[in-house]
Amino acid sequence: MKCGPTYPETGKLRIRLTTSGEELLVDEEDVEKANPPYRDKAEELSQLCFLNESSVLHTLRQRYASNLIHTYAGDSMIIINPVAPLAIYSEKASDVAHMFRGCKSEDMPPHIYAMAQAAYRGMLATRRDHSLVFLGRSGSGKTTNFKHALHYLVLAAGTVLTIEKLNALFTVLEAFGNSRTHMNSNATRFTQLFSLDFDHSGQIASASLQVLLLEKSRIGRRANGDPTFHAIYRLLAGAEGALRKELHLTNLVAENNAFITPLQKHEDKQRAMVEFNRIVAAFRILGVSEADEKVIWLVLAGIYHLSCAGAVKAGTSSQSRWQFARVECAEKAATLLGTTVEELSRIVFSSNGGGAGTPSTPRPALRTPSPTEQNKDVVVLDALEGLLIGLYSEVFHCVAALINRSISSSLHTVSSLLLCDSPGFQNPASCGRQTGACFEDLCHNYLQERLQLLFHHTTLVAPKDRYIQEGFGDYEFYYDDGIGTPQALISLLDQRKGLLWLLDEETVCPGGSDETFLDRLFSHYGDRDHQILLRKAPGNNQFVLQHLLGTNPVLYTATGWLKATRENPVTKSAITILQESTREDVSMLFVSARGAGVSGTLCSSMPGLEGSQSLRKASSIRRTFTAVKRKNICLQVKFTVDGLIETLRRTRVKFVHCILPQHNAGCTDNKSLLSVKSNQSEDNVINVPLLRSQIRGCQIIDAVRLHKFGFPKHMALGEFRRRFSLLSSDVNTRPGSPVADERRAVEDMMLSVDVDVPSYRVGQSQVSCNNCFIFFLFQHSLILKKYIIFKK
């Protein structure tokens with residue numbers, strides 16, 4: 001685009017489009033300045049001469065078209081999903097990692113290894129915990145970059161944890177915690193906090209994994225027939241020989257399964273078979289015994305047979321009773337779990353669900369009682385579903401315990417580096433599904449909003465507060481008070497009388513339903529002031545939330561939400577079945593997994609609250625116990641997220657923003673996407689409106705602008721004076737010796753150096769400066785040091 005003459009009287013500007021030659025008359029304020037050609041494909045957005053939305057989009061699009069997917073954005077990094085594997089990761093990993101080892105931030109090109117190295121170097125220099133947090137939509141590549149960062153850290157400083165163990169760990173977690181969704185062919189369905197603990201020498205002495213907020217409902221009935229977790233399919237396709245016979249998988253039930261949607265494509269079954277062998281090999285590398293591995297397969301097979309058993313009412317109407325529809329499947333499940341069909345029937349069908357009491361004891365209702373026979377059928381299926389969910393949850397947390405047993409040690413550690421990965425932002429409508437997002441999607445989106453608020457506070461609010469505290473009176477020149485914040489939507493969700501609290505209250509109200517919940521929600525937030533955040537949708541039980549500062553509106557369908565937020569009373573029977581199993585190996589494994597306190601969950605599992613040194617320190621753990629006692633998922637989610645955010649807030653956080661180039665980029669089995677960059681021009685290789693909405697929602701430009709014009713680097717006055725003591729003009733003062741006025745001493749040091757005054761500020765307790773200033777001082781000190789040595 002080229003600019004023509006301006007018309008001051010109308011505020012218009014004539015422009016010519018370089019692609020078509022068309023001339024347009026537009027408002028002058030709508031035109032943003034372009035950067036000179038030598039800034040094309042800039043590695044750091046803050047280096048742009050003219051920092052605006054158009055220039056940022058142009059830079060990212062240029063770099064992505066050249067397979068340069070990494071770009072610095074101040075202290076953060078932007079990574080656009082390349083869709084297809086790139087050569088920078090297919091080469092020998094140790095050779096690539098060696099290029100970054102020991103480097104400073106200013107010496108490294110943008111790469112996920114550079115972010116990991118910067119966090120590692122900062123942790124060693126300050127002896128303070130650091131963290132890497134990955135943000136983005138579902139399918140944007142967060143988990144992939146999470147793995148790359150861990151790979152680099154293990155290559156750079158690994159001793160206890162090896163690359164082989166790390167790859168094995170990823171294989172197992174992917175199988176038991178991932179599933180295919182409409183937005184992502186390999187979507188992570190849980191949040192993981194991976195802690196690398198380092199000793200005095202900077203080597204990894206221990207590691208631990210915490211798993212939070214597992215989407216347990218995926219093992220139950222799914223409204224749209226979505227697949228369940230990968231592990232189920234890989235076991236059904238890959239178990240062979242004696243193991244398949246022992247698990248009773250030789251003749252699979254061909255009829256429809258209400259809980260587990262079977263794989264339809266032959267290539268999917270072949271892939272599942274190969275992946276099962278990888279899981280077995282991964283268990284060996286992690287040191288999991290064959291007996292413990294076999295227990296995992298026994299319980300998974302038991303879950304499958306129990307889902308096939310179903311439920312049916314037998315007898316006449318006056319003497320009817322519920323029983324398993326396929327008794328032979330229930331018998332197989334009972335044999336594998338080490339229990340009896342009678343015990344399973346008592347837990348699922350008797351009136352005292354939960355595995356305690358007598359058959360005459362009333363069972364707590366799973367939902368609002370209804371006299372209709374149809375709803376009675378639903379209640380029975382809910383009980384069976386609760387048992388399946390409970391069994392799978394115990395298996396997943398047992399797998400986490402086995403992983404922690406393999407990678408942890410009792411060695412003394414000094415500091416830690418945390419890496420946080422979570423399910424991406426969910427918006428089914430962006431991929432063509434108009435049925436609306438579910439309650440589990442809301443939980444994932446709530447966590448993403450809280451992480452975005454952490455980014456907002458870390459990169460925008462905290463620097464402003466520091467400038468005020470240090471007495472920088474001119475901070476207003478480079479800080480825009482009109483910057484939006486995610487706090488408004490988060491408050492609507494989790495404050496008192498917010499959406500989660502209203503949903504929690506509705507679950508205990510007599511006669512509560514999804515409809516009455518929505519009525520209460522809009523009675524509180526239906527006014528004009530809240531319409532920018534929440535509005536009704538035309539569909540049944542549907543509403544829209546304006547997520548990520550209004551850049552990503554999500555349509556929700558609140559059907560079945562009350563059921564989803566109540567903890568099924570039958571779920572707690574699962575651990576009793578496993579720990580009291582007549583199979584000694586099953587009983588021993590699940591007793592030890594619970595007793596070890598390393599399951600790493602903060603949700604629906606009390607022993608898991610003991611597992612993490614980092615999360616154990618969080619003050620919100622006490623509140624999480626309260627939520628667990630209340631047996632309500634809403635408050636468990638809220639307090640679990642509180643604990644996670646508080647843990648990250650205590651560290652020095654670095655953020656990695658993962659970006660989607662196309663709405664369906666997460667579905668990597670789409671062959672048309674894999675060849676898009678080779679067949680299309682630069683203009684079409686990326687969805688620019690989608691890129692713009694992600695950049696706006698993440699507030700990346702605001703953060704980069706503050707980084708460019710502010711003082712992102714800061715150092716205590718005493719530390720600054722000791723580190724750059726050679727710059728002091730006072731020859732009588734020994735380096736590091738105390739002085740009466742640290743601030744005056746530092747100011748005197750600055751007067752002796754020919755440095756641009758606007759590039760730094762001397763505050764009440766810190767020296768704040770930009771990146772170039774620190775680099776200049778290091779270079780100047782090095783020259784002085786060489787001169788002094790030469791003079792001697």
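Strands here are DSSP runs of E, at least two residues long, numbered from the N terminus. Keep that in mind as you move through this predicted model.

**Stop 1: the whole chain**

Show the full protein chain. It holds 30 helices and 20 strands. Now colour by burial. Of the 792 residues, 53% are buried. The chain exposes about 34700 Å², and carbon and sulfur atoms supply 52% of that area. Next, turn on contacts. Take those between residues at least 6 apart in sequence: 67% of them join residues at least 24 apart.

**Stop 2: the annotated binding site**

Select G136, R137, S138, G139, S140, G141, K142 and T143. An unreviewed UniProt entry annotates these residues as "binding site". From this set, G136 and R137 belong to the lining of the largest cavity.

**Stop 3: G136**

Where does G136 sit? Look at strand β6, residues 130-136. G136 is part of that strand. Is G136 buried or exposed? Its relative accessible area is 12%, which is under the 20% cut-off, so G136 counts as buried. Now show its contacts, skipping residues up to four places away in sequence. G136 touches K142, G424, F425, Q448 and C658. One of these, K142, is also in the annotated set.

**Stop 4: S138**

Step along to S138. This residue lies in the loop between β6 and α5, and α5 spans 142-157. S138 has a relative accessible area of 1%, so this residue is buried too. Which residues does S138 contact, leaving aside neighbours within four places in sequence? Select M183, N184, G424, F425, Q426 and L660. Two names may look familiar: G424 and F425 also touch G136.

**Stop 5: helix α14**

Select residues 439-470. This is helix α14, with 32 residues. Q448, a contact of G136, falls inside that range. Draw a line from the first C-alpha of α14 to the last. The helix reaches 44 Å, close to the 46 Å expected at 1.5 Å a residue.

Where does α14 bend? Centre on H457. The helix bends there by about 40°.

Now check how covered α14 is. Of its 32 residues, 25 are buried, so the helix is mostly covered. While you look down a helix, recall a general point. An α-helix has 3.6 residues a turn, so residues three or four places apart point the same way.

**Last stop: G471**

Move just past the end of α14. Select G471. Its phi is positive, at about 85°.

Note on methods: Residues are numbered from 1 along each chain as its sequence is written. This is a predicted model: local features need pLDDT of at least 70, side-chain atom pairs count only at pLDDT 80 or more; totals for chains, interfaces and linings use all residues. Side-chain values use heavy atoms; hydrogens and water are left out. UniProt positions are given in the numbering used here, feature names are shortened, and annotations may be inferred rather than shown by experiment. On a 1 Å grid over the protein atoms alone, a cavity is a set of points where a 1.4 Å probe fits but cannot get out, and a pocket is an open set with protein on both sides within 12 Å along at least five of seven lines; lining residues have an atom within 4 Å of a point. Helices (H or I, at least four residues) and strands (E, at least two) are DSSP runs, numbered from the N terminus. Buried means under 20% relative accessible area, exposed over 50%, partly exposed in between (1.4 Å probe, protein chains only). Contact means heavy atoms within 4.5 Å. Accessible areas come from the Shrake-Rupley method with a 1.4 Å probe; for residues, only the protein chains shown count as cover. The expected span of a helix is 1.5 Å times one less than its number of residues. The bend at a residue is the angle between axes fitted to the seven residues ending there and the seven starting there.
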